[in-house]
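Please open the model in your viewer and keep the selection tool at hand, as this tour goes from one pair of helices to the next.

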Amino acid sequence: MRVVVPGGTGQVGGVLRRALRDRGDEVTVLSRRPERLEDGVRHVLWDGRTLGPWAAELEGADAVVNLAGRTVSCRYTDANLRQMMDSRVDSTRAVGLAIARAARAGCAPRVWLQMSTATIYADSRSRGDDLPHDEVDGVLGGEEPDVPLYWEYSVRIARRWEQAQAEADTPTTRRVALRTAMVMTPDRGGVFDYLSWMARLGLGGPVAGGRQFVSWVHGEDFVRAVEFLLARDDLDGPFIVAAPGPVPQRELMRSLRGAWGRRPGLPATRFMAEVGALALRTDTELLLKSRRVVPRRLLEAGFTFAHPAWDAAAVDLVGQARALRRR
Ligand SMILES: NC(=O)c1ccc[n+]([C@@H]2O[C@H](COP(=O)([O-])OP(=O)(O)OC[C@H]3O[C@@H](n4cnc5c(N)ncnc54)[C@H](OP(=O)(O)O)[C@@H]3O)[C@@H](O)[C@H]2O)c1
């Protein structure tokens, strides 16, 4: 396939572009800064906001997988929240305009996979019934009582992100929104690296009780889900891309410490989570919101996960991370 990957320079993009290239796809990454990527992956500049020469890359392509968006691993200041919103909505609109232009020339991509986030769902404790959210019965967030206002804002970002795709005038292109959980990959700088760092220091015990759920997906399964959704012409709309086994935060970290061969971690109060998050320049929402989602539509469509359970996934990822460090 010819696949265009806007925002394909980041953590998820790295895993995806290499996997697509390795299976023989022709991959073009759109990025705002000059960068040399791996052999076999083209790099084209865009601004992430407006139509430009880059739009020609979509003409005759088979697929677009748009990953662009300012990182959410930062303090949720007003300015950062605004950038998180604008970078997602603007880049998605730009991709939509480029596909519409290609459609007028009679050569639109067949399918557009648009990154979204499992954060679009309500804090799972707010339902009171402790049920996981799925695409059919799940409750979108934004109106739960007793959550900080900016949690609501990050749901609004997710909704507007998906809306930008839904509103695009691209009738001949199949559209899928990837409501993705934390993507666990062994490389440096990603969420797994950060959690592992805490586990190896003996930190990362239960945060604020640790009963809040964490939804996650192994990077290999993320790639496999993308490949599955690219191939299946009968599937469109929102898909949760998360392992079927979300785990409470305390269990997530317990398994991870076990996989690294470490002792029990120190518990952290909500206050300590605030301090730790400040030191890491990230936000407590990422630690405290209960995210419990299950991939109902993928499972019903026949997708199987290579890494459905966290215990085994953690062991696999630690093994891969150790091998990377030895190189
Ligand atoms: N990692 C996860 O666990 C996870 C889970 C769910 C959803 N997601 C979403 O998936 C996407 C990719 O995640 P990631 O972890 O690979 O993120 P990442 O490492 O931060 O990469 C995101 C990419 O977006 C581009 N970007 C940043 N700001 C932009 C802007 N203002 N306009 C246009 N492009 C911009 C950057 O490309 P250039 O700087 O090269 O232009 C960057 O490579 C993000 O949208 C993220 O929110 C990630």
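What follows is a walk through two helix pairs in a predicted model.

Begin by selecting residues 11-22, which form helix 1, together with residues 219-231, which form helix 5; the axes of these two helices come within 10 Å and cross at roughly 55°. Because angles from 35 to 65 degrees fall in the oblique class, helix 1 and helix 5 are oblique to each other. If you turn the view so that one helix lies in front of the other, you are looking at a right-handed crossing of helix 1 and helix 5. Now show the side chains where they meet, which are Val12, Val15, Leu16 and Ala19 on helix 1, and Gly219, Phe222, Val223 and Val226 on helix 5. Coloured by class, this contact between helix 1 and helix 5 has 7 nonpolar residues and 1 polar residue, with no charged residues.

Next, select residues 249-259 for helix 6 and residues 310-326 for helix 10, whose axes come within 9 Å and cross at roughly 40°. With that angle, helix 6 is therefore oblique to helix 10, and the crossing of helix 6 and helix 10 is right-handed. To see the contact itself, display Leu252, Ser255, Leu256 and Ala259 from helix 6, and then Trp310, Asp311, Ala314, Val315 and Val318 from helix 10, which they meet. Sorted by class, the contact of helix 6 with helix 10 has 7 nonpolar residues, 1 polar residue and 1 charged residue.

Notes. Residues are numbered from 1 along each chain as its sequence is written. This is a predicted model: local features need pLDDT of at least 70, side-chain atom pairs count only at pLDDT 80 or more; totals for chains, interfaces and linings use all residues. Axes are lines fitted to C-alpha atoms, for helices over the stretch in contact, and angles run from 0 to 180 degrees between N-to-C directions. Helices (H or I, at least four residues) and strands (E, at least two) are DSSP runs, numbered from the N terminus. Angles under 35 degrees count as roughly parallel, over 145 as roughly antiparallel, 65 to 115 as roughly perpendicular and the rest as oblique. A crossing is left-handed if the near helix is turned anticlockwise from the far one by less than a right angle, and right-handed if clockwise. Two residues are in contact if their C-beta atoms, placed from the backbone, lie within 7 Å. Ala, Val, Leu, Ile, Met, Phe, Trp, Tyr, Cys and Pro count as nonpolar, Asp, Glu, Lys and Arg as charged, and the others, Gly among them, as polar.
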